[in-house]
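Me: I would like a close look at one part of this protein, set out as a connected account with the neighbouring parts brought in where they help. Please take it slowly and keep the reasoning visible.

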Amino acid sequence: MPRFMSSPRVPLTLSMKNWTVRKLLGVGFAAPLTAILILAGVFFYSLSNIDRHVLSITADNVPGLVLGNSAMQDALRYRVLTMQHIISTDQAEMQEIEAKCAALGEGAAATLKKYEMTIVGDDDRQTFGKITPALEAYQGVAAEVRHLSAESRQAEAIALMKTRGTDAFESYRAAVEALVRYNEQAATGSTTAISTTMAASRTLAGLVAAAALAFSLGAAFIIARTVNTTIRRVSNSLDDTSAQVTSASSQVSGASQSLAEGASEQAASLEETSASIEELASMTKRNAESAEQTKDHALPARITPFV
């Protein structure tokens, strides 16, 4: 009986250097997804950083600039009112100026209190800490000047105003200007940090996108080459298997034909044997009939001599 040739098993795992197509596809899809997650993280960090700087500008620096300028304007008005008090000779006007100075003093204290509530950094607090003592010193000297003026001691009041009053006012103005410069520099630094963060985010996003694109294209090329190679290998294996199946079919066909010819020869032999048997049976029958006839003829011959 013919034996069929076994065909080599076609590998079901499409691989290239231990990298299966499934893994390659997974990596190919994972790379853009990873890039998207990285970009999301970068943008989240950038937005958080930008939000922090914007909050610093809007909640600290800008209010600091506004309140600092306001405090400086109040100090200038306070100085002007003190000078008006010196040159005034009307007691009612002097009392009105005293009321305005008191109101300005309370307004300056309230302004500094508002500013103190916006402080978030140690440097800002340290700079702010120099203002209150300078303001109190200036207001104290100004009160002495107005007291001398109220007693009609204008010469002493003017001398005090030019010496200690000017020094106290300059100290207060320097403290306020330092606070304003601090807020200006902080706002400028935050603006620069926002611009730097945005530029870095754009650069990093471009690099990550380019890397993800290059990796995806490389993975697609490797996958296509691996699949094509495997398809060719499978096709060649199928061709070999088809040839083996054709050869086996030819062998089966030849064996079937041989069996059919043998069966035909056996059938012819059986027919000849059957014919021979029938001929023998016919000869036997004729012999039996001849023997019977001979017996019939021989019996009268044996009986006749005795008659």
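Reply: What follows is a reading of helix α4 and the loop after it, and then of other parts of the chain, in a model that is predicted.

To place the helix, it helps to begin with the whole chain. The protein chain holds 5 helices and 2 strands, and from the N terminus on these elements run β-β-α-α-α-α-α. Of its 307 residues, 27% are buried. Among the contacts in the chain with a separation of 6 or more, 80% are between residues 24 or more positions apart.

Helix α4 itself takes in residues 131–150. Its 20 residues should span 28 Å at 1.5 Å a residue, and the C-alpha atoms at its ends are indeed 28 Å apart, so the expected and computed spans agree. The buried residues of this helix are I131, A134, L135, Y138, V141, A142, V145, R146, L148 and S149. Seen down the helix axis, these buried residues fall within an arc of 160°, and they therefore line one face of α4. The general geometry offers a way to read such a pattern: an α-helix has 3.6 residues a turn, so residues three or four places apart point the same way.

One of the buried residues of α4, Y138, also belongs to an aromatic cluster, in which ring pairs link it with Y78 and F169. At F169 there is a further feature, since the charged end of R79 sits over the ring, 4.8 Å from its centre.

E144, also found in α4, is not among the buried residues: its relative accessible area is 37%, and with the partly exposed class lying between 20% and 50%, E144 is therefore partly exposed. If residues up to four places away in sequence are not counted, E144 touches L160 and R164. With R164 the link is a polar contact of 3.3 Å between the two side chains. As for L160, which lies 16 residues from E144 along the chain, the C-alpha atoms of the two are separated by 8.3 Å.

Beyond its last residue, α4 is followed by S152, whose phi is positive. S152 lies in the loop between α4 and α5, the latter covering residues 154–303. The phi of S152 is near 60°, and S152 is a residue other than glycine. As background, most residues other than glycine have a negative phi. The relative accessible area of S152 is 53%, which is over the 50% cut-off, so S152 counts as exposed.

Helix α3, residues 122–128, offers T127 for comparison. T127 has a relative accessible area of 17% and is therefore buried. A polar atom of the T127 side chain lies 2.9 Å from the backbone oxygen of D123, and, leaving aside neighbours within four places in sequence, T127 is in contact with A178 and L179.

The structure holds 3 aromatic pairs. In one of them, the rings of Y115 and F128 have their centres 5.4 Å apart and their planes at 20°, so this pair is stacked. Because Y115 lies in helix α2, residues 91–117, and F128 in α3, the pair ties together parts that are 13 residues apart in sequence. Both Y115 and F128 are buried.

Following Y115 back into α2, one finds a helix of 27 residues that reaches 39 Å from its first C-alpha to its last, close to the 39 Å expected at 1.5 Å a residue. Its N-terminal end is capped by D90, a side-chain oxygen of which lies 3.1 Å from the backbone nitrogen of A92. The buried residues in α2 include L104, A108 and T111, as well as Y115. L104, A108 and T111 are also contacts of D74, which touches G107 too when its neighbours within four places in sequence are left aside. D74 has its place in helix α1, residues 21–87, and D74 is buried, with a relative accessible area of 9%.

Finally, on the far side of the loop that holds S152, helix α5 contains T192. With a relative accessibility of 45%, T192 counts as partly exposed. Although T192 and H53 are 139 residues apart along the chain, their C-alpha atoms are separated by 9.6 Å.

Terms used. Residues numbered from 1 in each chain as written. Predicted model: local features only at pLDDT ≥ 70, side-chain atom pairs only at ≥ 80, totals over all residues. Heavy atoms only, no water. Helix = DSSP H or I, 4+ residues; strand = E, 2+ residues; numbered from the N terminus. Buried < 20%, exposed > 50% of the residue type's maximum accessible area, 1.4 Å probe, protein only. Contact = heavy atoms within 4.5 Å. Polar contact = N/O pair within 3.5 Å; in protein donor to acceptor, adjacent residues only side chain to side chain. Phe/Tyr/Trp six-rings, centres within 6.5 Å; stacked < 30°, edge-to-face > 60°. Lys NZ or Arg CZ within 6 Å of the ring centre and 35° of its normal. Expected span 1.5 Å × (residues − 1). Arc of directions from axis to C-beta.
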